[in-house]
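User: I'd like to learn how to read the surroundings of a bound ligand. Can you walk me through this one?
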Amino acid sequence: MKKPMPSLLLATLGAISAACLLAACRPAPQKDAPAAPAAYLAGAYAPTLKHQPSVAAMTAMGRAMFFEPSLSVSGKLACASCHSPEHAYGPPNALAVQLGGPELKDAGTRAAPSLRYIQNAPAFTEHYHDDDGDDSVDAGPTGGRNWDGRAQSGHEQALAPLLSPREMGNRDGAAVVAKLRAGPLAAQFRQTYGDDIFEQPDQALRWALMSLEVFQESPADFYPYTSKYDAFLRKQASLSPQETRGLALFNDENKGNCASCHISRISPGGAFPQFTDYGLINIGVPRNASLPANGDPAYFDLGLCGPDRTDLTEHKEYCGSFKTPSLRNVALRKVFFHNGSFDSLEQVLRFYVQRDTAPQKWYPKDKNGKVRKYNDMPPGMEANVNVEAPFDRQPGQAPALNEREIADVIAFLHTLTDGYRPAPAAH
Ligand code: HEC
Ligand code: HEC
């Protein structure tokens, strides 16, 4: 894992091309226009303005935009509507998927993730080699933004919800800029990026997205490391006996084995754990029949192999893989997994340990009365599903965790919520 880096350092190192981002907002080239823009313009983080804003000004701009509903076609939906600061920038409600579009009636297809602790997610790669451990091991598809890793950076990601017809619903980048220009943030935007910024709509869009990215890298908001577990790692707090048992079960390779994907230890380089290795894995989450998209029995959200992502559709072995989320602040969530198919941590934990010992509890029967395991994928893809502990059991065997142990793991998960205040010492 990479150590946390201040955003602008990361920014200058950013090797990510903004070509697609710029392509989305540049008007169609004219016949006599030069064939390609100067190469330096493709560098997302390269300064392209006369007026160089400070990080503080960009953060403030991004924060204001994040909470600004007038940037949506409904006039009612802001980034913060689905990514609420009181919920670690995750969803504020118990809806499996959020509603957007012109009248806030269009359902998404995936649960809104928390935006905390994704600052170190590496760019997506099919073959990840960890630079902090044994780097000869190919950990497979890893990183990127979104449940399927399809966005490569914060600024690239930020355009998607602004344009998605099921979210903020703008027709194109120009429409976003027009809203910004006509809305309550116009003066602040000019102050931040220069009086003439709106005369260059492609630059205005680029810096609007950069503002959102820089805000989302603000440490106090997005990676505060203020949980009880962080205090424990700093040796400023001790875990209760139940939390201690939960941590041990979480780490134990023969019990929860959770830490094999949701990393819980300080890295060899000294970075605090993010509770994810950013890997894209298929754990066979059941279909959520309540999602409008799933009303069509032929529709399957297969994550890494599509449909939202289109570059790896030929890789059938990737179908059903979704990015391992951080478990920091997971106790603040009311829906779990990419399709929001579970609504309590108890259920999630029972699914993990009983998926293979009692599959009939989690999956429906087919027309021959046989349990159809992994029913959120077309048949024939069963081999894609992870079968390591706690998924290494047979029907009828004892689950890897019993009910008391499940309660212990959940007690531990509650120590991952930010904002821990130690009880005042007794005198
Ligand atoms: C209608 C609800 C909704 C709104 C509004 C919304 N998002 Fe999201 N956001 C989601 C969902 C759902 C996902 C997961 C998408 C996926 O995996 O395909 C997501 C994913 C993300 C991610 C990726 C997180 C990760 O784990 O990689 C980021 C970053 C993000 N949103 C930022 C924003 C920003 C910035 C805005 C405003 C410009 C915004 N969102 C508006 C619902 C929303
Ligand atoms: C093989 C890797 C792996 C192991 C082992 C694993 N997880 Fe996960 N976890 C994932 C992936 C991948 C997802 C997302 C799956 C999806 O949505 O399709 C996930 C999702 C979750 C979620 C939902 C979080 C959210 O934001 O919706 C919770 C809670 C969770 N895991 C807890 C645990 C616990 C507790 C254990 C140990 C009992 C565990 N996991 C073991 C990979 C793993």
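User: By class, how many nonpolar, polar and charged residues does the shell around ligand 1 have?

Analyst: Keep in mind that this is a predicted model. To read a shell, sort its residues by class. Around ligand 1 that gives 13 nonpolar, eight polar and five charged residues.

User: Which residues come nearest to ligand 1?

Analyst: A residue joins the list if its C-beta atom lies within 6 Å of the ligand. Here 26 residues surround ligand 1, and Cys79, Cys82, Asn146, Trp147 and Pro161 come nearest. Two elements give two or more residues to this shell: α4 (79–82) and α5 (154–163). The largest share, five residues, is from α5.

User: And ligand 2: which residues are closest there?

Analyst: Read it the same way. Ligand 2 has 25 residues around it, with Gly256, Cys258, Cys261, Phe337 and His338 the closest. Helix α12, residues 345–354, gives the most to that shell, namely four residues.

User: What does the shell around ligand 2 have by class?

Analyst: Sorted by class, the ligand 2 shell has 17 nonpolar residues, seven polar ones and one charged.

User: Now zoom out. How many helices and strands are there in the protein?

Analyst: Count the secondary structure, then look at burial and contacts. The protein has 13 helices and four strands. Of its 427 residues, 42% are buried. As for contacts between residues at least 6 apart in sequence, 69% join residues at least 24 apart.

Conventions. Residues numbered from 1 in each chain as written. Chains lettered and ligands numbered in written order. Predicted model: local features only at pLDDT ≥ 70, side-chain atom pairs only at ≥ 80, totals over all residues. Nonpolar A, V, L, I, M, F, W, Y, C, P; charged D, E, K, R; others polar. Buried ≥ 20, exposed ≤ 12 C-beta atoms within 10 Å, placed from the backbone. Contact = placed C-beta atoms within 7 Å.
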